[in-house]
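Biologist: Please take me through the features of a model and explain how to read each one.

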Amino acid sequence: MQDKLTLMIPGPTPVPETVLQAMGRHPIGHRSADFQAIVRRTTEQLQWLHQTKNDVLVITGSGTAAMEAGIINTLSRGDRVLCGDNGKFGERWVKVAKAFGLEVEVIKAEWGQPLDPEAFRAALEADAAKAIKAVILTHSETSTGVINDLEAIAGHVRAHGTALTIADCVTSLGACSVPPGLSFVAMSERAWAAYECSDLPKFYLDLGKYRKSAKADSNPFTPAINLYFALEAALEIMQAEGLEAIFARHARHQRATSAAMKAIGMPLYAAEGHGSPAITAVAPEGIDAESLRKEVRKRFDILLAGGQDHLKGKVFRIGHLGFVCDRDVLTAVAAIEATLQDLGLAKVTVGAGVSAAAAELSR
Ligand SMILES: Cc1ncc(COP(=O)(O)O)c(C=O)c1O
């Protein structure tokens with residue numbers, strides 16, 4: 001059915017009508033006072049979202065641009081870094097770090113398992129010479145639906161004393177519900193001190209330029225103006241809901257989705273207790289996950305995400321981040337159940353998943 005597609009993928013996420021309408025305005029000049037007011041306002045809103053008074057800089061580019069910016073603005077050629085890798089986005093960190101000539105020590109965990117904070121503690125404690133310049137990791141590993149214990153790992157980094165933590169929070173830090181195209185980098189004072197020494201090549205993603213412009217409520221280059229309109233509207237909606245309520249909603253949707261999948265005999269891919277609030281990866285036994293996903297899309301206009309790399313066909317992922325409500329979760333679960341029934345693959349009475357999800361949602 002035309003215009004009925006519901007996104008239940010980890011990005012792009014659904015976008016509220018108000019945000020779409022805000023975006024549908026005629027662009028304004030990016031050096032105008034009107035645009036400066038929007039930059040000022042969105043910067044304050046982003047500082048609220050990141051719960052920091054530090055600089056939060058806006059890049060026109062997807063999350064990978066912010067990942068690259070994090071590395072090239074704080075590190076130098078040959079620097080030693082620890083990189084957490086337990087999925088596709090951890091792998092991406094390793095690739096970016098290597099592309100810029102860093103000496104990368106990878107701390108791995110199996111896909112589906114969380115990174116082990118103890119492995120970071122041990123490596124950092126062994127570094128008496130303080131050669132490790134940064135610990136780089138993904139908070140919510142979107143490919144596997146695992147949430148890594150960023151707090152514990154960052155605690156070990158602080159105990160080390162000199163290394164920085166560089167974290168990808170693309171699917172963990174309050175999903176903004178705007179179309180893709182903007183990414184944000186929050187820089188601490190220590191990160192700026194590292195910036196002063198960093199010798200990696202940079203031009204478009206030189207955050208010093210962004211900091212200078214931000215002081216004048218501006219951008220160094222032409223930003224995605226209409227995405228800024230969307231950002232302002234989306235952050236207003238988020239502020240009205242409040243951070244605690246947003247966190248609680250995501251936790252509830254994760255519980256409901258996981259309970260539903262377990263109730264219909266579909267094992268979760270992420271290790272028990274380490275599921276991301278943003279996304280639930282499901283590893284259906286004896287079922288081709290891609291066929292199921294395609295059928296759900298065809299029959300119900302609900303887009304689920306597939307498995308990446310070696311997980312293709314083995315895993316499907318239900319995104320429940322951003323502008324997602326209880327109805328979306330119930331509908332997705334019902335669509336999965338109905339599709340399993342259609343395909344003759346339902347293992348239990350159809351409705352068991354909806355019932356389990358509904359019970360969690362009403363708790
Ligand atoms: C954990 C994570 N990191 C980074 C990204 C950024 O990827 P891209 O630049 O392809 O949007 C994503 C996007 O899905 C993500 O989920």
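The turns below go through the ligand site, the empty spaces, some buried polar side chains and the backbone.

Biologist: What kind of model is this, and which residues count at which pLDDT?

Modeller: This is a predicted model, where local features need pLDDT of at least 70 and side-chain atom pairs count only at pLDDT 80 or more, while totals for chains, interfaces and linings use all residues. Residues are numbered from 1 along each chain as its sequence is written, and side-chain values use heavy atoms, with hydrogens and water left out.

Biologist: Which residues are around the ligand?

Modeller: A residue is near a molecule if one of its heavy atoms lies within 4 Å of it. Here the residues around the ligand are Ser62, Gly63, Thr64, Met67, Phe89, Arg92, Thr138, Ser140, Thr142, Asp168, Val170 and Thr171. By class they divide into three nonpolar, seven polar and two charged. In that scheme Ala, Val, Leu, Ile, Met, Phe, Trp, Tyr, Cys and Pro are nonpolar, Asp, Glu, Lys and Arg are charged, and the others, Gly among them, are polar.

Biologist: Which side chains have a polar atom at a stated distance from an oxygen atom of the ligand?

Modeller: A polar contact is a pair of N or O atoms within 3.5 Å; within protein, one must be able to donate a hydrogen and the other to accept it, and residues adjacent in sequence count only if both atoms are side-chain atoms. For Ser62, a side-chain N or O atom is 2.5 Å from an oxygen atom of the ligand. For Thr142, a polar side-chain atom is 2.5 Å from a ligand oxygen atom, and for Arg92 the distance from a side-chain N or O atom to a ligand oxygen is 3.1 Å. Taken alone, the ligand exposes 390 Å², of which the protein buries 77%. Such areas come from the Shrake-Rupley method with a 1.4 Å probe; for residues, only the protein chains shown count as cover.

Biologist: Which elements give two or more residues to that shell?

Modeller: Helices (H or I, at least four residues) and strands (E, at least two) are DSSP runs, numbered from the N terminus. The elements in question are α3 (63-72) and α4 (88-99), and α3 gives the largest share, three residues.

Biologist: How is empty space found, and how many cavities of 30 Å³ or more are there?

Modeller: Rolling a probe the size of a water molecule over the atoms shows where empty space is left. On a 1 Å grid over the protein atoms alone, a cavity is a set of points where a 1.4 Å probe fits but cannot get out, and a pocket is an open set with protein on both sides within 12 Å along at least five of seven lines; lining residues have an atom within 4 Å of a point. Grid points are joined across faces, edges and corners, and a volume is the space filled by probe spheres set on the points. The structure has three cavities of 30 Å³ or more.

Biologist: What lines the largest cavity?

Modeller: The largest cavity holds about 70 Å³ of space. Its lining includes Val39, Thr43, Leu57, Tyr210 and Tyr228. β2 gives the most, with three residues, and the lining has seven nonpolar, three polar and no charged residues. The second largest cavity has about 50 Å³, and its lining divides into five nonpolar, one polar and two charged residues, with Glu337 and Lys347 among the lining residues.

Biologist: How much space lies in the second largest pocket?

Modeller: About 500 Å³. Of its 20 lining residues, Leu5, Thr6, Pro14, Arg327 and Asp328 lie nearest the centre. α12 gives the most to this lining, with four residues.

Biologist: Why does Asn148 count as buried?

Modeller: Buried means under 20% relative accessible area, exposed over 50%, and partly exposed in between (1.4 Å probe, protein chains only). Asn148 counts as buried because its relative accessible area is 2%. Its side chain reaches the backbone nitrogen of Leu115 at 2.8 Å. Arg249, in helix α10 (residues 243-263), is buried at 14% relative accessibility, and the side chain of Arg249 reaches the backbone oxygen of Gly322 at 2.7 Å.

Biologist: Where does the backbone have a cis peptide bond or a positive phi?

Modeller: Most residues other than glycine have a negative phi, and most peptide bonds are trans. The bond from Gly11 to Pro12 is cis, with omega near -5 degrees. Asp217 has a positive phi near 50 degrees, and Asp301 has a positive phi of about 55 degrees. Asp301 is in the loop between α11 and β11 (302-306).
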